[in-house]
Amino acid sequence: PPQQFLAYLNDNHIRIDEMLPEAFIEEVNKGELFQFVASLDKADAVLKLEVRRYGLGYTANPFSHDYRAFLFARAALTRASGKVVWSKRVYEQAMDDQWPAASMHDLFAQPELMRAQMAAAANAAAHDLVVNLRKIKL
């Protein structure tokens, strides 16, 4: 049930809503795409990252009963004038073989494994967002 899943994540301090922005900042800093500032009055644009849906999904491998994290997120970069200069949606699916899968039992018996699954989804989403963001002229 969703409530048990959320309780497990909260009890183990696994916060996908914090993982995605951290991964995004890391990706941006790798390529020095732009600088983040702590104050809105010093910013020429505002970035909004939104985790829309996340969880565990079956890998759909007929020879496996393993699961991976999935993440659906969207991002938007808006100028101070209110003009949206970039927006993108990403969906990191459980069926993609981008990171190792694990059994449901192991995911709930080992919080670090669950954390690694959620971090892998956040890292993949952040990477995809930044790759797309590099394509526009800022």
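Which exposed residues does the face of helix 1 turned away from its buried side carry? Hold that thought while we get our bearings. What you're looking at is a predicted model, and a quick tour of the whole will make helix 1 easier to place.

The protein has 4 helices and 4 strands. Starting at the N terminus, the order of elements is α-α-β-β-β-β-α-α, with the strands sitting between two pairs of helices. The C-alpha trace spans about 50 × 30 × 25 Å along its principal axes. Of the 138 residues, 34% are buried. If you take the contacts between residues at least 6 apart in sequence, 64% of them join residues at least 24 apart. On the outside, the protein exposes about 8,600 Å², and carbon and sulfur atoms supply 51% of that area. As for charge, there are 16 positive and 17 negative side chains, and the centres of these two sets lie 10 Å apart.

Now back to helix 1, which covers residues 2-11. Its buried residues are Phe5, Tyr8 and Leu9. Viewed down the helix axis, these buried residues fall within an arc of 95°, so they line one face of the helix. There's a simple rule behind patterns like this: an α-helix has 3.6 residues a turn, so residues three or four places apart point the same way. And here is the reply to the opening question: the face turned away from the buried side carries the exposed residues Gln3, Gln4 and Asp11. What lies over the buried residues of helix 1? The cover includes strand 1, helix 3 (104-109) and helix 4.

Just past the end of helix 1 comes His13, which sits in the loop between helix 1 and helix 2. Its phi is near 55°, a positive value in a residue other than glycine. For background, most residues other than glycine have a negative phi. His13 is also exposed, because its relative accessible area is 63%, and the cut-off for exposed is over 50%.

Next, let's head inside. In soluble globular proteins, nonpolar side chains tend to be buried together. Here the largest nonpolar core has 33 residues, and the members that touch the most others are Phe24, Leu56, Leu71, Met114 and Met118. Two or more residues each come from helix 1, helix 2 (16-31), strand 1 (45-58), strand 2 (66-79), strand 3 (84-92) and helix 4 (111-133). Helix 4 gives the largest share, with 11 residues. To get a feel for how the core is put together, pick out Met118: beyond its neighbours up to four places away in sequence, Met118 touches Phe5, Ile14, Ile16, Met19, Tyr54, Gly55, Leu56 and Ala69. You've already met Phe5 as one of the buried residues of helix 1.

Loops can be buried too, and Ala94 is a nice case. Ala94 is in the loop between strand 3 and strand 4 (102-103), and it counts as buried because its relative accessibility is 7%, where the limit is under 20%. Setting aside residues up to four places away in sequence, Ala94 touches Gly57, Tyr58, Thr59, Arg68, Ala69 and Phe70. Look back along the chain to Val84, and you'll find that Ala94 and Val84 are 10 residues apart in sequence but 30 Å apart in space, C-alpha to C-alpha.

One of those partners, Thr59, belongs to another loop, the one between strand 1 and strand 2. Thr59 is buried as well, with a relative accessible area of 11%. Its contacts beyond four places in sequence are Ser64, Asp66, Tyr67, Arg68, Ala94, Met95 and Ala101.

Two more loop residues round off the tour. Gly82, in the loop between strand 2 and strand 3, is partly exposed at 47% relative accessible area. Gly82 and Ala45 are 37 residues apart along the chain, yet their C-alpha atoms are separated by 8.7 Å. Asp44 lies in the loop between helix 2 and strand 1 and is exposed, with a relative accessible area of 53%. Asp44 touches Arg79 and Ala80, leaving out residues up to four places away in sequence. From Ala109, by contrast, Asp44 is 65 residues away in sequence and 45 Å away in space, C-alpha to C-alpha.

How values were computed:
Residues numbered from 1 in each chain as written. Predicted model: local features only at pLDDT ≥ 70, side-chain atom pairs only at ≥ 80, totals over all residues. Heavy atoms only, no water. Core = buried A, V, L, I, M, F, W, Y, C linked by side-chain atoms within 4.5 Å. Buried < 20%, exposed > 50% of the residue type's maximum accessible area, 1.4 Å probe, protein only. Contact = heavy atoms within 4.5 Å. Arc of directions from axis to C-beta. Areas by Shrake-Rupley, 256 points an atom, 1.4 Å probe, with all protein chains shown as cover. Lys, Arg positive; Asp, Glu negative; His and termini not counted. Charge placed at Lys NZ, Arg CZ, Asp CG, Glu CD.
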